[in-house]
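Visitor: I am new to this structure and would be grateful for a close look at a single part of it. Please choose one set of side chains and follow it outwards to the chain as a whole.

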Amino acid sequence: MYRFLLSRQWVILTLLALALIPAMIELGFWQLHRHEHRVAQNALIAANLAAKPVPVTELTSPGHTVPRSDYWRTVTATGTFDTAHEVVVRRRTSNDDRVGYHVLTPLILDDGRAVVVNRGWIPADGDQRDFPTVPAPPKGEVTIAGRLKADETSAATGIRDLGDLPPRQVMLINSDRQEKALGRTFLGGYIELTSPAPEGGSPQLVQSPDDSSIGPHMAYAVQWWLFVAAVPVGWGILVRNERRNRLAAAAKSAAKAEAEAGKESAESEPAPASA
């Protein structure tokens, strides 16, 4: 009664079920690896935020690519802000998801080199083709602290680096481009300012990265693996229902045939002779 499994419809259904099982197993492991990556990143963030602050020149230098192991390390730097070469980064969001700009101001160090400092977020205040009004940084020599970050690229961030932008506006935070634009040596990467806090709260300092949330990836992994178990169970239920329906249809057909045979037999019997 299981010969129906050899039909084209059931062969296709069975092959589909067999293909789904390894695919969903792989999707489960993919989500598991994302969970493990998130846990490892949270541990790195927590450790680096808790690490003792060090001078920025101990962790980066001109042309240096900041490794992930140094992301979010607290660094210090002493110098003078160069507001004449300040630029803003378009399409950046505030801590409450409003769209505006990040303010990048070069900090000129005592040895003449510079480091890009992200002073924080300001709102878009009018025509985006014009340079926005930017609160001034402290004047004179200042010592700052902040989180060390790597230079942004389109490949790493997914942000398209648009051309033909208005003057002093950029899409990415990148020390190499600032170096080419200013003709001054820059340290690799940039500093995400944490102190001193700006007067009046603007620019708004970029909030500290989240090191507590692990996201839903583990739940998704378990969900995919539950789907793996559900595939053969569902296939078995479909087979059982198909067999039951076929048995019921066969029984109904047999009963109908028997009834028709009985009717034909009754009609073929000779009528009793009359007295």
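Guide: W224 and F227 stand 3 residues apart in helix α4, so about one helical turn separates them. A helix here is a DSSP run of H or I with at least four residues, a strand a run of E with at least two, and both are numbered from the N terminus. The model is a predicted one, in which local features need pLDDT of at least 70 and side-chain atom pairs count only at pLDDT 80 or more, while totals for chains, interfaces and linings use all residues. Residues are numbered from 1 along each chain as its sequence is written, and side-chain values use heavy atoms, with hydrogens and water left out.

W224 has a relative accessibility of 24% and therefore counts as partly exposed (buried is under 20% relative accessible area, exposed over 50%, partly exposed in between, with a 1.4 Å probe and protein chains only). F227 falls into the partly exposed class as well, at 38%.

These two residues belong to a small set, for the structure holds 3 aromatic pairs (ring centres of Phe, Tyr or Trp, the last by its six-membered ring, within 6.5 Å; planes under 30 degrees apart are stacked, over 60 edge-to-face, the rest tilted). One of them joins F29 and W225: their ring centres are 5.2 Å apart and their planes meet at 65°, so this pair is edge-to-face. The pair links distant parts of the chain, since F29 belongs to helix α1 and W225 to helix α4 (residues 217-268), with their positions 196 residues apart. F29 is partly exposed, its relative accessible area being 36%. W225 is also partly exposed, at 28%. W224 and F227 form another edge-to-face pair, with 5.7 Å from centre to centre and 85° between the planes.

A further aromatic ring has a charged neighbour. R168 lies over the face of F131, at 4.0 Å from the ring centre (for Arg, CZ must be within 6 Å of the ring centre and within 35 degrees of the ring normal).

The helices named above can now be placed in the whole chain. It comprises 4 helices and 8 strands, and their order along the sequence is α-β-β-β-β-β-β-α-β-α-β-α. Along the principal axes, the C-alpha atoms occupy a box of roughly 140 × 40 × 35 Å. Buried residues make up 32% of the 275 in the chain.

Two alanines show how surroundings vary from place to place. A77 is found in strand β2 and is buried, with a relative accessible area of 5%. The C-alpha atom of A77 lies 20 Å from that of P135, a residue 58 positions away along the chain. A84, in turn, sits in the loop between β2 (74-81) and β3, where it is exposed at 57% relative accessible area. Between the C-alpha atoms of A84 and G236 the separation is 73 Å, with their positions 152 residues apart along the chain.

To return to the part chosen at the outset, helix α4 contributes W225 to the pair with F29 of helix α1, and W224 and F227 form an edge-to-face pair of their own.
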